[in-house]
Amino acid sequence: MSLRKSLQLTLRESGAKTYANVASRKSYPQAQRNVVDMGKSLASKGFLRSHKPYTPVTNVAEKVSEICANLKISTANEYRLENLEEKYAFLDACFKSFQYCVPNSRIHELQSIGDVLQFYNTPVNTTVPYDSLKATDLPENLHIQHEYVRFHPDSDVKFNGQTAFPKNSTLVTGLKYRGKYKGHEAKRSWP
């Protein structure tokens, strides 16, 4: 008997679990947990998504009640919007009244009048956290340089265009900063 077969037989007799491959080792709850963790990670990066800023008006409940009356819908917060035509007409009227549209990714979450009220009462702040630091009072020992200086040999006056890293290029990869900063391709002495 080979060593491998004797090891498998010993493991079976002892009740230890053997796995054919790495994929079969993963259990469903662990995979479910990973999906939940990825969802939380994406939710925390919400500031990177492009949304229109929105500040709720003071009379959201009154406007929603008025829209419900015009469409002959119950004004109770528990009233469910199960009919798709009714839901579309209601959300379209809300968009026209508030000048703020419900993103496609959130439409399925709005199932009742109360959900719509909560959505239109929630402000949407599109300021990136880094930019919001400009408006805050920082401690004296903390300084954030918002308009930093990027090295380019043609515009450098401090070191007369001499770089500490002569073979390294300075690449601007982001579309946002291509117009603001100029990239530099380092000259190579050998291909």
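At what angle do α5 and α6 pack, and how far apart are their axes? I looked this up in a predicted model. The angle is about 25°, and the axes of α5 and α6 are 12 Å apart.

**Entry 1: α5 and α6**

I wanted a word for that angle. Angles under 35 degrees count as roughly parallel, so I put α5 and α6 down as roughly parallel to each other. I also noted the hand of the crossing, which is right-handed for α5 and α6. I then listed the residues that make the contact. From α5 they are F90, L91, C94, F95 and F98. From α6 they are I113, V116 and Y120. Sorted by class, this contact of α5 with α6 has eight nonpolar residues, with no polar and no charged ones.

**Entry 2: α4 and α6**

Next I turned to helix α4, which covers residues 60-71, and its crossing with helix α6, residues 113-121. I found that their axes come within 10 Å and cross at roughly 140°. I therefore entered α4 and α6 as oblique to each other. Their crossing is right-handed. On the α4 side the contact is made by V60, A61, V64 and C68. On the α6 side I113, L117, Y120 and N121 make it. By class I recorded seven nonpolar residues, one polar and no charged for the contact of α4 with α6.

**Entry 3: A61**

Is A61 buried, partly exposed or exposed? I placed A61 in helix α4 and read a relative accessible area of 43%, so A61 is partly exposed. I also took the distance from A61 to I113, which is 52 residues further along the chain or back, as one counts: their C-alpha atoms are separated by 10.0 Å.

**Entry 4: S112**

I moved to the loop between α5 and α6, where S112 is found. S112 has a relative accessible area of 9%, so I wrote it down as buried. What is S112 in contact with, leaving aside its neighbours within four places in sequence? I found N77, E78, Y79, R80 and L81. For N77 I noted a distance as well: its backbone oxygen lies 3.5 Å from a polar atom of the side chain of S112.

**Entry 5: K72**

I then looked at backbone angles. Most residues other than glycine have a negative phi. K72 is not a glycine, yet its phi is positive, at about 60°. I located K72 in the loop between α4 and α5, the latter being residues 84-98. With a relative accessible area of 75%, K72 is exposed. I also checked K72 against E86, 14 residues apart from it along the chain, and found their C-alpha atoms separated by 9.9 Å.

**Entry 6: N160**

Where is N160 found? I found N160 in the segment after α7, a helix of residues 129-132. N160 also has a positive phi, of about 55°, although it is not a glycine. Is N160 buried or exposed? Its relative accessibility is 67%, so N160 counts as exposed.

**Entry 7: Looking back**

I went over my notes on α6 once more. I113 and Y120 are in my list for the contact with α5, and I113 and Y120 are also in my list for the contact with α4. I had α6 down as roughly parallel to α5 and as oblique to α4.

Technical notes. Residues numbered from 1 in each chain as written. Predicted model: local features only at pLDDT ≥ 70, side-chain atom pairs only at ≥ 80, totals over all residues. Heavy atoms only, no water. Axes fitted to C-alpha atoms, helices over the stretch in contact; angles between N-to-C directions. Helix = DSSP H or I, 4+ residues; strand = E, 2+ residues; numbered from the N terminus. Parallel < 35°, antiparallel > 145°, perpendicular 65-115°, else oblique. Left-handed = near helix turned anticlockwise from the far one by under 90°. Contact = heavy atoms within 4.5 Å. Nonpolar A, V, L, I, M, F, W, Y, C, P; charged D, E, K, R; others polar. Buried < 20%, exposed > 50% of the residue type's maximum accessible area, 1.4 Å probe, protein only. Polar contact = N/O pair within 3.5 Å; in protein donor to acceptor, adjacent residues only side chain to side chain.
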